[in-house]
Amino acid sequence: MSYELIGITVLWLFLYGYLIIASIDFGAGFFAFYARLTKQDHLINRLISRYLSPVWEITNVFFVFFYIGIVGFFPDTAYYYGAALLVPASIAVILLAVRGSFYAFENYGSKKSLVFLFLYGATGLLIPASLSVALTISEGGFILKQGETVSLDYWELFTNPLSWSIVGLAIVSVLFISGTFLTFYASRAEDHAALKLMRNYALFWSTPTIILALTAFIYLGQHNERHFQNMMDLWWLLGLSVAFFMIAMWLIYNGRRYGLAFICVMLQFFTAFFAYGIGHYPYILDPYITVQSSATSPAMGFALVAAFIGGLFLLIPSLWLVFKLFLFDADYVKGKK
Amino acid sequence: MAIDTVMWSRLVTGLTLAFHVIFATIGVGIPLMIAIAEFMGIRKKDPHYTLMAKRWARGFVISVAVGVVTGTVISLQLALVWPNFMKMAGNVIALPLFMEVFAFFFEAIFLGIYLYTWDRFKNPYTHWLLTIPIVIGAGMSAVFITTVNGFMNQPEGFVMEAGQFTAVDPVQAMLNTATFSKVFHVLSSAYLTGAILLAGIAAFAMLRKGVSAYHKKALNLMMAVALLFGMLNTLAGDVSAKFLAEHQPEKLAAAEWHFETESGSDLILMGWLNAEHEILGALHLPKFLSFLAFGDFNAEVTGLEEFPQEEWPPLLVHYLFDLMVGIGFALVAISLLYFLFKLWKKRNELNKWMLRLVALSAPLAFLGLELGWFYAEVGRQPWIIRGIMTVEEAATTSPTIRTLFFVFLLLYIVLGIVCVIVLRRLFNNNPAEVEMEKWAKEMHNQTIDKGDPAQ
């Protein structure tokens with residue numbers, strides 16, 4: 001396998017990793033705020049902050065990791081996406097900045113504040129919306145290029161149903177993924193009140209998720225025929241995705257094996273995300289950037305792959321340690337440590 | 001001068017970095033102090049030091065949060081504000097950027113574990129061991145990101161062909177000639193600033209509420225660390241000056257207002273320039289510039305006139321340089337004075353004036369840091385990659401950058417203010433002595449519960 005293919009595969013895996021853990025984080029922020037508004041916060045807030053406090057920084061790193069990786073492997077992406085996304089990406093990073101720091105202020109600071117919690121909850125939904133613009137413009141047709149100047153076609157972006165369905169899908173998937181994870185976490189903590197609430201949230205957000213996924217898929221077909229056809233050729237991956245979704249829903253509905261249910265949700269998104277990604281190949285930005293045309297020099301590509309492998313030797317054991325201490329340690333989850 | 005998109009791009013990046021560097025330095029410097037304090041606590045069985053580590057760690061998380069988010073902002077701004085720069089230089093600097101994120105990842109993971117595992121291990125050293133990956137991760141991310149800045153000052157590790165980098169050697173680009181002196185200066189100043197900050201806080205607390213055992217120990221410990229890193233930092237500054245004299249003479253010449261190449265050149269302190277570039281009202285130290293640059297009072301130092309005037313850095317950097325160096329020496333002098341007072345029995349090292357000086361040195365250290373970075377960055381104008389790409393060629397062309405400047409300005413004002421409020425609330429409502437007493441009571445109760453009053 002050539003290094004640029006390894007590069008894009010690894011980066012796609014990291015983006016998937018970010019999608020899952022960031023969704024848990026973003027959704028949790030929204031649920032925490034919503035629960036406070038509906039006066040149910042005593043049920044779930046402690047649970048949420050117990051999970052999030054040790055890991056929020058890690059979530060942020062996943063994002064920076066993907067971003068630095070893609071600019072490193074494919075420097076042309078910096079030029080096109082950088083120039084076109086100046087405004088939406090700046091909004092996203094401002095929201096990320098507000099969210100990250102206010103999370104720390106709220107949790108490690110001394111006073112609990114509704115304003116902080118509101119900022120934390122609201123940004124949790126706005127960030128996925130603003131980040132999903134990058135996915136939308138990768139489909140092509142949203143970039144204006146005049147000579148050397150690249151800019152975003154806002155009119156096209158705001159009037160196109162594809163961009164709205166992607167935004168919608170991003171938001172509801174966040175709530176769905178987060179809901180199923182927190183259901184699992186509550187069941188580990190043997191916190192029955194929180195479990196009941198989170199299970200309702202998870203069940204509620206499953207329907208819009210599947211509807212918007214279908215909608216986005218249909219609009220994708222109208223917008224980018226090539227991508228749509230490629231994905232249709234991967235019908236079995238999409239089929240698997242739907243199957244995992246149904247297993248997860250069946251488990252949660254019947255109130256058993258929440259851990260397995262969450263794994264099924266992860267697999268559901270994994271298969272769909274990879275079907276989407278493979279279908280996109282070889283374009284990174286249709287039609288300007290392909291994986292091959294934008295790849296960095298072989299020496300740098302090799303160095304990046306080497307650094308990546310070296311880094312994994314550090315990361316995997318440390319991530320395992322985090323999981324062992326905070327996720328699979330029953331006493332910690334229950335709040336006894 | 002009308003402000004164009006290039007200038008706005010400069011301002012946006014300068015603003016973000018000036019804000020980020022405060023928190024980034026805390027992020028690099030403080031973990032070492034926490035590690036030292038916790039180690040002392042375990043070693044001496046003195047709960048004061050353990051409490052120090054706990055309190056510092058608590059404040060540290062708040063500032064780290066701001067450091068993390070502004071770091072994310074700057075990493076994205078690299079491509080958003082300077083798309084042409086990233087497109088070209090991405091081929092050469094991607095490796096250190098990538099490794100920086102790894103180092104940061106490593107630190108983030110262990111910081112999370114560290115904060116939530118106090119009292120979770122039987123052997124206290126196990127918990128202390130967790131500080132090592134945090135200190136290393138924080139230090140290494142500074143090292144890697146500094147190599148990127150080194151590359152922009154001293155681009156190496158590639159062949160230029162038709163305006164593109166070819167035959168790239170990423171490792172050579174990382175280990176460019178500028179890297180060593182820069183990394184040395186960045187790390188020593190970060191540890192110095194970390195120690196001075198904590199010493200300043202202790203001094204400030206004692207000025208307000210009188211001398212206490214906890215703050216006295218904190219001050220003593222941090223002043224010792226500050227003295228050590230203050231001296232290392234002076235050495236690092238000297239190494240950097242010698243590097244500049246050899247490899248970037250125009251930057252040093254601009255800092256020293258050294259226009260004509262000559263041997264045995266004077267070092268010029270402060271002063272001002274008239275329209276004919278004559279220096280007025282300055283203090284001249286004969287032949288000191290030659291000594292500073294080459295370790296020889298009669299060495300020849302290249303003057304600015306050897307360079308085309310459009311490649312001159314702004315001459316304003318002279319003040320930045322002088323003030324930075326002045327502050328660096330003042331910090332060493334203050335920590336030396338403190339220990340002289342300690343040794344000299346008749347004097348009380350905790351007298352009001354000494355404490356005031358120490359408290360003042362904390363903001364001074366941060367000012368010195370900002371001035372140093374402004375000197376380093378403004379001093380290589382007009383280049384973004386020295387000798388290869390100018391700032392004009394690299395900037396975004398989007399006029400929106402102007403609005404974004406104000407949006408980001410607002411963001412940093414809000415973050416800065418809220419951060420200070422939260423930190424004040426965290427510590428003012430819970431002074432060290434009160435926490436110590438509460439803690440001692442708990443420990444006492446526990447030993448009674450265990451039926452072991454002898455402990």
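**Exercise 1. Helix α7 of chain B.** State what follows α7(B) in this predicted model, and test the helix length against the expected rise.

*Solution.* Begin at the end of the helix: α7(B) is followed by B:Gly210, which has a positive phi, near 85 degrees. Next, take the length. Helix α7 of chain B covers residues 179-209, which makes 31 residues. At 1.5 Å a residue these should span 45 Å, and the end C-alpha atoms are 45 Å apart, so the two values agree.

**Exercise 2. Two bent helices.** Find where α8(A) bends and where α12(B) bends, and compare the end-to-end reach of each helix with its expected value.

*Solution.* Step one concerns chain A. Helix α8 (residues 192-223) has 32 residues, and from its first C-alpha to its last it reaches 46 Å, close to the expected 46 Å. The bend in α8(A) is about 25 degrees and sits at A:Ser206; a proline, A:Pro208, follows within four residues.

Step two concerns chain B. Helix α12 (residues 352-378), with 27 residues, reaches 39 Å between its first and last C-alpha, close to the 39 Å expected. Here the bend is about 30 degrees at B:Ala362, and the proline that follows within four residues is B:Pro363.

Step three adds the N-terminal end of α12(B), which is capped by B:Asn351. A side-chain oxygen of B:Asn351 lies 2.9 Å from the backbone nitrogen of B:Trp353.

**Exercise 3. The interface.** Describe the contact between chain B and chain A by residues, area and polar pairing.

*Solution.* Count residues: 60 of chain B are in contact with 65 of chain A. Then take the area: the two chains bury about 5,600 Å² between them, 81% of it on carbon and sulfur atoms. B:Phe98, B:Phe105 and B:Arg120 supply 13% of the area that chain B buries against chain A, more than any other three residues.

Now look for polar pairing. Between the chains there are zero salt bridges and one residue pair in polar contact, with both residues at pLDDT 80 or more.

Finally, assign the chain B side to elements. α2 (47-81), α3 (83-115) and α14 (401-428) each give two or more residues; α3(B) gives the most, with 24. By class, this side has 46 nonpolar, eleven polar and three charged residues.

**Exercise 4. A salt bridge.** Which parts of chain A does the A:Arg99 and A:Asp25 pair tie together?

*Solution.* The whole structure has four salt bridges over all chains. In one, the side chains of A:Arg99 and A:Asp25 meet at 2.4 Å, N to O. A:Arg99 lies in helix α4 (residues 86-108) and A:Asp25 in helix α1 (residues 3-37), so the pair ties together parts 74 residues apart in sequence.

Key
Residues are numbered from 1 along each chain as its sequence is written. Chains are lettered from A and ligands numbered from 1 in the order in which they are written. This is a predicted model: local features need pLDDT of at least 70, side-chain atom pairs count only at pLDDT 80 or more; totals for chains, interfaces and linings use all residues. Side-chain values use heavy atoms; hydrogens and water are left out. Contact means heavy atoms within 4.5 Å. Buried area is the accessible area (1.4 Å probe) that two parts lose on being put together, summed over both. A polar contact is a pair of N or O atoms within 3.5 Å; within protein, one must be able to donate a hydrogen and the other to accept it, and residues adjacent in sequence count only if both atoms are side-chain atoms. Ala, Val, Leu, Ile, Met, Phe, Trp, Tyr, Cys and Pro count as nonpolar, Asp, Glu, Lys and Arg as charged, and the others, Gly among them, as polar. The expected span of a helix is 1.5 Å times one less than its number of residues. The bend at a residue is the angle between axes fitted to the seven residues ending there and the seven starting there.
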